[in-house]
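Q: I would like a close look at a single part of this model. Please take me through it step by step.

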There are 2 protein chains.
Amino acid sequence: MFEQVRIVLINTSHPGNIGAVARALKNMGFSRLYLVAPESFPDPIAESRASGATDILDKAIVVSSLDEAIAGCRLVVGASARGRKIPWPVVNPRDLAREVHSLTQDDSEVAILFGREARGLTNEELHRCNLHVHIPSNPDFSSLNLAMAVQVVTYELRMKYLESLENEAGDSNMKAMLSPQDSGWDVEPASVDEVEMFLEHLERTLIDIDFHDPEHPRQLMARLRRLYQRCCLDKMELNILRGILRSTQKVAGTWGAQSPGSQ
Amino acid sequence: MFEQVRIVLINTSHPGNIGAVARALKNMGFSRLYLVAPESFPDPIAESRASGATDILDKAIVVSSLDEAIAGCRLVVGASARGRKIPWPVVNPRDLAREVHSLTQDDSEVAILFGREARGLTNEELHRCNLHVHIPSNPDFSSLNLAMAVQVVTYELRMKYLESLENEAGDSNMKAMLSPQDSGWDVEPASVDEVEMFLEHLERTLIDIDFHDPEHPRQLMARLRRLYQRCCLDKMELNILRGILRSTQKVAGTWGAQSPGSQ
């Protein structure tokens, strides 16, 4: 599991927090740190706060966009401090650990996103996530320091891993529902980028048939995104949905014009 | 429980850590901070790192000896990073939370001790404890930052408290994920018959756009049914999907003809 989890920090302001996150990661046995457009990195303050976890900083991957940080991941999770206009599937760190542990039984990768110190993740970033993780903090003083949040989440992941070692002898945990993320499903799950291309194709098609007006988007695409990301589409389902969009565009006379992600 | 737990920091070197502990405590709903002979307190660095938890710092009780900090407590717990020469009863933070929760059902008080940044608690201090708590960290890089350790321990205490509230209400189900079937979702779930009408409408539309041939159905509708039933559609999502089908049929010139379930 430890090699399959990426911790992604977005637009971090204070290099000290990046160092503290590196230390927290290494304390919990993790090592893969992605930095999306950090304000200052590398930075001696980060080195100093890492307290010896400089190998994590040295290996950290700096990218300029969220897309690069989550490419190839099966599951994208966003740390969220507060309720949102459109509620998204949300779990606490313990339930997240259960999900991640079960998902990483094969070679799937998971990205967990942490936002800016002052403002967290943007709505757009949160909508890129399959699910949100919320640390059940004091409602009157709810905002944890960035590195503290990473510590709590990675602590739960480690606890789950250790628990599974204990249980390996006789695991009696029955999954409530079989989904494409479980072994025993018939088709491989779609990747995050395949789902993203489908969502772009969907939006284009909805414009073509005059259902969606990008000038007055309301919450349409956010609601459809939430729906299809919640499902954990498998590859065949995704191909079917793409096929439906192609047929729809053919009927509308727009197929082959400029559909993004068309093949 | 929250008022019955004292967090005791012994000989803390860096005032920044005292501030970070104050913030962590308040985030988790705790407030009682004892400082045994801190190197520098009060200190503006502590204020700054507390990020608004200055009330915790203002109320902090500074004492010169461990005895004063633990006076009157029923249970004294020491945070311990490593195995000791004389093995002491040791629990992880989750098991500690269970102990503390059960002990504080009456008005008993508990002290949890955290030692110096560089050297932790002395053997003498550890021997004053009924119990040690150890965060199961990476054996190759085991030493957590002081405030991180406080965060993890108080997080577990809070989780135990929240779990007990749920159990009290008779709901022992820790929900794995928020979905349209849970309270807290923004829109009511669609009923089974609404989903059924949508699936009929979907099939009709797929025929209209020549995507689906009922003479050679393969597994198409079964796969789409499994997908949309797995999602637990809410009423608004269902309306959006029906709207897309209507717009598709309009483009195909079949809307209003004989679509089953059309309104």
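Which residues of α10(A) are buried, and what surrounds them?

A: Start with a caution: this is a predicted model. Now to the helix itself. Helix α10 of chain A covers residues 235–252, which makes 18 residues. At 1.5 Å a residue, the helix should span 26 Å. Its end C-alpha atoms are 26 Å apart, so the expected span and the model agree. Just after α10(A) comes Gly253(A), with a positive phi of about 75°.

Next, the buried residues. In the first part of the list stand Glu237(A), Leu238(A), Ile240(A), Ile244(A) and Leu245(A). The list goes on with Ser247(A), Thr248(A), Gln249(A), Val251(A) and Ala252(A). A general point helps in reading such a list. An α-helix has 3.6 residues a turn, so residues three or four places apart point the same way.

What covers these buried residues? Within chain A, the cover includes α8 (192–208). From chain B, it includes α8 (192–208), α9 (220–230) and α10 (235–252). Both chains take part, and each deserves a look.

Take the neighbour in chain A. α8(A) and α10(A) have axes 10 Å apart and pack at an angle of about 25°. Angles under 35 degrees count as roughly parallel, and α8(A) and α10(A) are therefore roughly parallel to each other. The crossing of α8(A) past α10(A) is left-handed. On the α8(A) side, the contact is made by Glu194(A), Val195(A), Phe198(A), His201(A), Leu202(A), Thr205(A) and Asp208(A). On the α10(A) side, it is made by Leu238(A), Leu241(A), Arg242(A), Leu245(A), Thr248(A), Gln249(A) and Ala252(A). Sorted by class, this contact of α8(A) with α10(A) has seven nonpolar, four polar and three charged residues.

Some names turn up twice. Leu238(A), Leu245(A), Thr248(A), Gln249(A) and Ala252(A) are buried, and they also belong to the contact with α8(A).

Now turn to chain B. In all, 50 residues of chain A are in contact with 50 residues of chain B. Several elements of chain A give two or more residues to this side: α1 (15–27), β5 (90–91), α5 (93–103), α7 (146–167), α9 (220–230) and α10. The largest share comes from α10(A), with nine residues. By class, the side of chain A that touches chain B has 31 nonpolar, 10 polar and nine charged residues.

So what is the picture? α10(A) packs against α8(A) in its own chain, and α10(A) also gives nine residues to the side that touches chain B.

Key. Residues are numbered from 1 along each chain as its sequence is written. Chains are lettered from A and ligands numbered from 1 in the order in which they are written. This is a predicted model: local features need pLDDT of at least 70, side-chain atom pairs count only at pLDDT 80 or more; totals for chains, interfaces and linings use all residues. Helices (H or I, at least four residues) and strands (E, at least two) are DSSP runs, numbered from the N terminus. The expected span of a helix is 1.5 Å times one less than its number of residues. A residue is buried if 20 or more other C-beta atoms lie within 10 Å of its own, exposed if 12 or fewer, and partly exposed in between; C-beta atoms are placed from the backbone. Two residues are in contact if their C-beta atoms, placed from the backbone, lie within 7 Å. Ala, Val, Leu, Ile, Met, Phe, Trp, Tyr, Cys and Pro count as nonpolar, Asp, Glu, Lys and Arg as charged, and the others, Gly among them, as polar. Axes are lines fitted to C-alpha atoms, for helices over the stretch in contact, and angles run from 0 to 180 degrees between N-to-C directions. Angles under 35 degrees count as roughly parallel, over 145 as roughly antiparallel, 65 to 115 as roughly perpendicular and the rest as oblique. A crossing is left-handed if the near helix is turned anticlockwise from the far one by less than a right angle, and right-handed if clockwise.
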